[in-house]
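I opened this model to look up two things. One was a sheet and what packs on it; the other was a contact between chains.

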Amino acid sequence: MADVYPFSAIVGQTALKRALMMAAVDPAIGGVLVFGDRGTGKSTAVRALAGLLPPIRVVRGCPFHCDPQKPSACGSDCERRDASGHATYTDVISTPVVDLPLGATEDRVVGALDLEHALTRGEKRFEPGLLARANRGFLYIDEINLLEDNLVDLLLDVAASGENLVEREGLSVRHPSRFVLVGSGNPEEGELRPQLLDRFGLSVEVRTPTVLAERVEVIKRRAAFDHDPAAFVETWAEEQARLSRLLVTASQVVSQLPVPDSTLEASARLCIAIGSDGLRGELTLMRAARAAAALEGADEVRLSHVRDVAPMALGHRMRRDPLDEGGSTARIERAMLEVFDA
Amino acid sequence: MTSAVAPDPEALWTDADLIAALLSVDPAGLGGVAVRSGFGAVRERWLGLLRARLPGHAPVVRIPIHVGEDRLLGGLDLTASLSQGRPVAQGGLLAACHGGVGVLAMAERLDVTASALIASTLDQGAVLAQRDGLTLREVTSFGLVALDEGADETERPPEGLMDRLAFHLDLSGLSHRDVAAANFTPEAVETARRIYPSVAKVDDDLIDAVCEAAALVGVSSARSCLLALRVARVHAALSGRLTATAEDASVAGRLVLAPRAKHAMAERAPQGQQTEPNEEASHEPQPPSSGETSETASPPDLDETAARDLAAEMIVAAVRAALPDAFKLVDPSGRASAASISRSRGGGAAVKSALRGRPLGSRPGRLKPGARLDLLDTLRAAAPWQKLRAAGEDAGRLRIRKDDFRIRRYVQRAELTTILVVDASGSTAFQRLAEAKGAVEPLLAQAYVARARVALIAFHHGEASLLLPPTRSLTRAKRLLADLPGGGGTPFASAIDLSLAVAVAEKSKQRTPMLVFLTDGRANIDRAGQPGRQAADRDALAAAKRVAQYGVRALFIDTSPRPQAGADRFAQAMRGSYASLPFVQSDRLADLVAREGRAVMS
């Protein structure tokens with residue numbers, strides 16, 4: 001597990017890479033769901049994202065990675081603060097990208113009573129779980145469709161509220177747990193419950209590249225990486241750094257990016273046209289378009305940005321006919337033609 | 001396997017021998033091998049070869065099929081945890097495989113979760129788990145030998161696992177008489193192991209050639225190409241070369257790509273249709289290399305292109321040579337499959353037990369026989385009270401009371417597989433067939449919501465064929481159904497046999513099958529494939545009785561416009577339910593099936 005395949009060296013998979021970067025730019029977009037064929041590099045891309053994310057400053061020793069610039073949110077050990085409410089000791093860590101392994105048990109995910117402490121000292125102490133470690137970062141679940149339903153429900157609930165409530169073994173703990181949930185899976189092995197689909201901000205479908213040249217390039221780069229990982233990472237370092245900077249700049253400007261009324265109106269019409277339920281779709285579409293604009297370095301959110309992100313922001317929200325083969329993307333494209341070009 | 005052309009046993013054994021040598025050079029790098037073969041001397045001999053060639057210290061760990069997640073990944077060491085008063089981890093089987101191979105028995109019955117766990121361990125070269133109050137992180141790299149005793153092409157280890165294993169070896173056609181001497185000594189393998197790290201990276205032209213060959217034979221997974229490239233390098237090492245040549249790549253093509261191409265073809269062209277089974281591979285090797293590739297490749301000088309094309313041609317030729325000419329998925333008459341019932345497990349429902357299935361946390365409970373104590377949660381429950389309970393007694397002992405007990409709960413994942421058997425014969429008029437198709441659609445939509453599996457069997461033209469093995473991919477089911485042509489005789493008995501074979505296979509995977517027949521029940525082709533109403537009817541009734549014997553739930557939906565007296569005799573023979581389509585609206589049909597489904601599961 002020494003070297004991770006660099007994000008910048010991933011061939012093709014534009015939509016997937018874009019969705020992940022958008023989610024990093026604006027965590028409020030609310031997670032990415034990646035579904036696709038075997039061996040298309042779903043997990044490679046998600047794991048590679050870690051190398052792109054900027055480091056964050058945290059309160060030293062805080063298991064929840066509390067932000068030193070903000071008042072303590074976790075109510076644990078991180079309250080040594082100066083008069084202005086800033087923490088006195090801080091550390092810089094890389095943005096956590098936490099892997100939730102298949103078969104993880106509930107106690108490890110939400111946290112549980114620290115057994116050793118309880119037995120030796122007779123004190124109740126909370127031992128934080130994966131949800132604590134993922135705070136201010138990413139939580140990645142490979143094969144999300146194989147995860148126990150109760151765990152999926154729990155994770156989506158925490159992801160939406162940003163807070164983990166633990167009520168077990170006489171413990172009553174709440175701690176911040178804001179993370180971007182990334183799930184991936186292979187639909188052949190079972191689909192995610194339709195009710196859960198729209199809890200994800202974006203959804204991307206990855207396919208095996210159909211162009212031979214692209215496929216060959218995938219293999220060549222992978223073979224080169226396998227042969228000498230360090231040298232390969234070095235080759236891509238510059239491009240990696242460029243993407244990293246792009247991400248940082250975009251995160252800084254994204255909240256100030258103006259959204260013209262015309263863009264707002266057009267996206268509302270699109271949502272109505274495809275009959276996506278609820279406000280969530282519209283909000284996500286707007287946020288996603290804004291993140292896309294920020295990544296592009298645009299000075300405002302234009303219709304073209306909405307167009308680009310609409311399939312991934314809305315595709316999984318439409319009233320779905322499971323037997324419709326045309327796929328949701330085609331329906332959205334059609335709707336966009338009608339709404340935008342009329 | 002029931003391929004039409006029996007492979008040459010001598011060549012097959014030579015390849016098997018070669019695979020054992022290649023794999024033992026770098027088990028972890030090549031992922032491993034799926035060995036299709038029944039239990040017996042051939043398989044044991046092959047495993048013996050592999051074992052002898054692995055380094056002396058390399059572990060060979062047997063992984064039983066129903067191994068729990070705790071044993072697979074590792075977990076809490078009970079005695080050590082109790083004696084030390086803190087959670088102590090215990091390594092699992094996958095960690096024990098480190099540096100050697102894991103031998104997974106009956107891999108065709110592995111469930112997807114266990115398969116995903118093994119696959120992610122292979123991918124990451126480490127066991128990573130969060131369970132039992134422990135964070136497990138143990139480096140392990142090994143090759144997997146998946147022993148596959150599947151009875152037919154539909155029964156094989158999970159695709160997610162197959163994709164990661166370089167070799168798919170089929171020994172089922174070999175008898176112990178075919179087993180010849182070994183071509184590689186352990187010393188030769190040892191030498192190859194030593195020089196393998198110095199074998200150069202495969203050059204770009206050869207990579208192009210391998211990818212091209214893979215695309216031509218319809219293998220699309222990127223992993224397959226990478227594995228083929230690795231096999232080429234290992235083969236070079238085994239031949240004492242430091243550079244992989246086109247010849248090495250051809251061997252890799254034959255061993256890695258050909259079995260995948262075969263399977264991909266079977267998937268794409270389900271039998272029972274008159275399509276050319278391997279049209280993609282059957283065209284001449286020359287045109288693709290000269291025509292299509294020159295567009296995609298950048299224009300290199302001519303010599304180089306020619307050399308690469310030659311390599312690609314060699315590989316494609318090697319792959320093609322390894323593919324049988326006429327290739328069929330399942331014996332379309334269903335007779336072979338029906339016969340396989342007796343080979344697979346006996347009848348009756350799968351034994352259910354509260355101790356199996358997936359863990360679902362633990363709850364307070366009583367320690368009655370059969371209950372499994374969740375030690376960790378029990379200790380957690382008891383821990384806060386220790387001070388209080390110790391008052392007045394001697395300290396240093398854990399005090400655990402009845403109400404601390406936490407009992408593990410498991411969910412038996414009762415999954416339903418609906419096996420649709422659609423009569424598309426001439427007796428079912430076209431309009432009725434369309435109605436039957438329409439009736440099935442809401443049913444598929446419902447299966448999607450319930451996340452159930454669906455299999456599709458159709459019978460027409462005197463044949464019953466499995467159009468779609470049990471799957472959750474409903475779009476495929478719909479497409480196949482829509483394209484289903486009608487006409488010909490009604491081999492109802494074969495259809496029942498085939499559906500029962502599928503149902504029994506599903507049972508062995510711990511799923512609950514349910515048969516739904518959409519037919520008018522007017523059989524006119526008997527089991528032997530001969531026309532004749534009486535014999536056909538007799539055979540169909542006999543087949544229907546076997547459904548009852550195996551305890552498989554069945555729903556018989558009569559599609560004839562005017563149901564005749566005694567039309568429900570098949571349903572009775574199957575001890576199933578009967579409904580007549582004219583009186584059942586298609587949306588009500590879905591309700592009907594759902595009700596049956598619930599009845600089955602309860």
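These are my notes, sheet first and interface second.

Entry 1, status. I am working from a predicted model.

Entry 2, the sheet. I looked up the strand order in chain A and found an open sheet of 5 strands, β4-β7-β10-β1-β11, with parallel pairing. I then checked the edges. β4 (97-99) and β11 (202-206) of chain A stand there, and each has a single partner strand, so one side of each lacks a neighbour in the sheet. For the twist I noted that neighbouring strands are turned by 20° against each other on average, direction ignored.

Entry 3, one strand pair. I picked β7 (residues 137-141) and β10 (residues 179-185) of chain A, which run parallel and are joined by 5 bridges. In this pair I noted A:G137, which stands opposite A:F179 in β10(A).

Entry 4, a helix on the sheet. Which strands does helix α2 of chain A touch? I found that α2 (residues 42-49) packs on the sheet and touches β1 (32-36), β4, β7, β10 and β11 of chain A. The direction of α2 makes about 160° with that of β10(A).

Entry 5, the interface. I looked up the contact between the chains: 50 residues of chain A are in contact with 60 residues of chain B. On the chain A side, α3 (106-110), β5 (112-113), α4 (115-121) and α8 (212-227) each supply at least two residues. The largest share, 11 residues, comes from α8(A). I also sorted this side of chain A by class and got 22 nonpolar, 18 charged and 10 polar residues.

Conventions. Residues are numbered from 1 along each chain as its sequence is written. Chains are lettered from A and ligands numbered from 1 in the order in which they are written. This is a predicted model: local features need pLDDT of at least 70, side-chain atom pairs count only at pLDDT 80 or more; totals for chains, interfaces and linings use all residues. Two residues are in contact if their C-beta atoms, placed from the backbone, lie within 7 Å. Ala, Val, Leu, Ile, Met, Phe, Trp, Tyr, Cys and Pro count as nonpolar, Asp, Glu, Lys and Arg as charged, and the others, Gly among them, as polar. Two strands pair if DSSP finds at least two bridges between them. Axes are lines fitted to C-alpha atoms, for helices over the stretch in contact, and angles run from 0 to 180 degrees between N-to-C directions.
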